[in-house]
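Biologist: I would like a close look at a single part of this protein, taken slowly and with its surroundings.

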Amino acid sequence: MGQQPPPPPGQPAPPSQPSEDTLSRRLLRRTVPDEPEWYRTATRSVLLAEEEARTDSRAKVLEQQRAYEEQQRLAQQAQAQQQVQQAYAHPGGAHQQAQAALAYQQAQQAAWLQQQSYSAHYVTAQAQANPTPRPTLRTWILGGIVIVLSLIGAGLMALIIGAESGVLATLVGLLFALIPLVFVLPLFLWLDRFEAEPWRYLATAFLYGAFGSTLAALVLNSLGGFVLMGYTDAESANVLSAVFIAPLTEETFKGLFLLVMWWFMRKEFNGLTDGIVYAGIVAAGFAFTENILYLGRALDQGGTEALLGTFALRGLVSPFCHPMFTAMTGIGVGMASLSRQTPVKIIAPFVGWCAAVLLHGLWNLGASAGATGLVVNLSFGFVVFVVFVAFVVWTRQREGKVIGHHLLPYADSGWISRDEVSMLSSMKERRVARRWARARGGSSAVQSMRSFQDTASELALLRFRTLRHEADHESLHKERVLLDSMTARRREFVGA
């Protein structure tokens, strides 16, 4: 194409048309995220983490190496003197013994130097893709036990619900009960993004809530209602059971899982966030099975209209009721896990459980009071839900601040940069970093970035727990494993 003629005098020049190369660069700039600020120091941090870190600096390794070499030199001198003495005493075999001893020492020294060598590409053998592995045999055994118990519980609940409502009504109730999970589970998984709990623990929490706690609560609720029938009429017995017995039994068995997690997985239970997450997942499983029971019963006794009305009330209007109730216990257990004081460890879970039972009882009381109670429940429930969501958002922001605060000492000692700390303490910046890693290195880079972020969260919360309690050898060893794992993952996504 020829060049465009110049514009006539007195007229403005037409806007220049961008070339194809310019358009390509613009499109490329839109699809590929800009280089983040923290990346400019990431490569330097790889070297800082290995050259300047107080916990394992190059100077420390070289000092150990010099001390070892000095020790070997002195040992060789002593060995040489001994060889000379043996040579005068036994001229025939002394030379062979000396050669064997020297070869052995040289081999030992070479092996040690190879193990302790420290360079710009050093990655200790302690670096792991998953910094919190579990023994494979124990994982399979525990997983098998959970699956077997869950199948037994599911079979018993299916027999109970099917015998009451019929197979067809039970299946329809199952389908409708799945819908609220779409709204409930993502909220607690969103809260769990900073330091994600292992999926096997979350799955166990859901299965226990769906089959273990519901089965135990159903048996005790039925026994309690049967006892009340001997003292009052059927309608009053149902109300009293719903207001007093059901909250006690249901919140007790749901909260039992939180106590077990805190007691046996104390080093994995990281306070308020974990308490709320596990409480929400257990309660979501409980509500899932309970919804199947109520929805199947409504369809069997009142038809489609009753089914839709029950679903609207339980599945759309109040799907977060059980999670909010049990979250009170989770907050109490979470506070207990953060405290050093024994009274707090005892009182906090009890107070949380009392709050859960009280809220649950008040909700059931309103549900038993007809239309007026329903209006009061919805109004009060809306306020409680808003407060709950605000608290959940605050908890997540607090966890980000905790992570950032407890990563700063590692930035001061050179393991990471302060720009990386800013990225790791913000979920928004973490997403930007993963998008950048994907644009830069594909799926492998984004996987390394995700592992780097998860490991950093685990490291920060480990330091948080260590400062609140007592440091032990296992915690210090795990800290080193996490630091080495972060260094290895960073090297992968920066291409060092």
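Biologist: In which helix is the place of isoleucine 179?

Modeller: Isoleucine 179 sits in helix H6, and please keep in mind that this is a predicted model, whose chain averages a pLDDT of 78, with 71% of the residues scoring at least 70. Isoleucine 179 counts as partly exposed because its relative accessibility is 34%, which falls between the limits of 20% for buried and 50% for exposed. On the surface, Ile179 joins Val182, Phe183, Leu313, Leu316, Val317, Leu374 and Leu378 in a nonpolar patch, and together these residues have about 670 Å² of accessible area. At least two residues of the nonpolar patch come from each of helix H6 (167-191), helix H9 (272-317) and helix H12 (370-412).

Helix H9 also takes part in a charged pairing, since arginine 297 lies in helix H9 and glutamate 164 in helix H5 (residues 136-165), so that the pair ties together parts that are 133 residues apart in sequence. The closest N and O atoms of this salt bridge between arginine 297 and glutamate 164 are 2.6 Å apart. Both partners are partly exposed, arginine 297 with a relative accessible area of 26% and glutamate 164 at 36% relative accessibility. The whole structure holds eight salt bridges, and another of them joins arginine 418 to aspartate 412, with 2.8 Å between the closest N and O atoms; arginine 418 is partly exposed, its relative accessible area being 49%.

Some stretches call for caution: pLDDT stays under 50 over residues 51-58, and also over residues 111-125.

Methods. Residues are numbered from 1 along each chain as its sequence is written. This is a predicted model: local features need pLDDT of at least 70, side-chain atom pairs count only at pLDDT 80 or more; totals for chains, interfaces and linings use all residues. Side-chain values use heavy atoms; hydrogens and water are left out. pLDDT is the predictor's confidence in each residue, from 0 to 100. Contact means heavy atoms within 4.5 Å. Patches are made of residues with over 30% relative accessible area and no salt bridge: like charges are joined within 9 Å, nonpolar side chains (Val, Leu, Ile, Met, Phe, Trp, Tyr) within 5 Å. Accessible areas come from the Shrake-Rupley method with a 1.4 Å probe; for residues, only the protein chains shown count as cover. A salt bridge is a side-chain nitrogen of Lys or Arg within 4 Å of a carboxyl oxygen of Asp or Glu. Helices (H or I, at least four residues) and strands (E, at least two) are DSSP runs, numbered from the N terminus. Buried means under 20% relative accessible area, exposed over 50%, partly exposed in between (1.4 Å probe, protein chains only).
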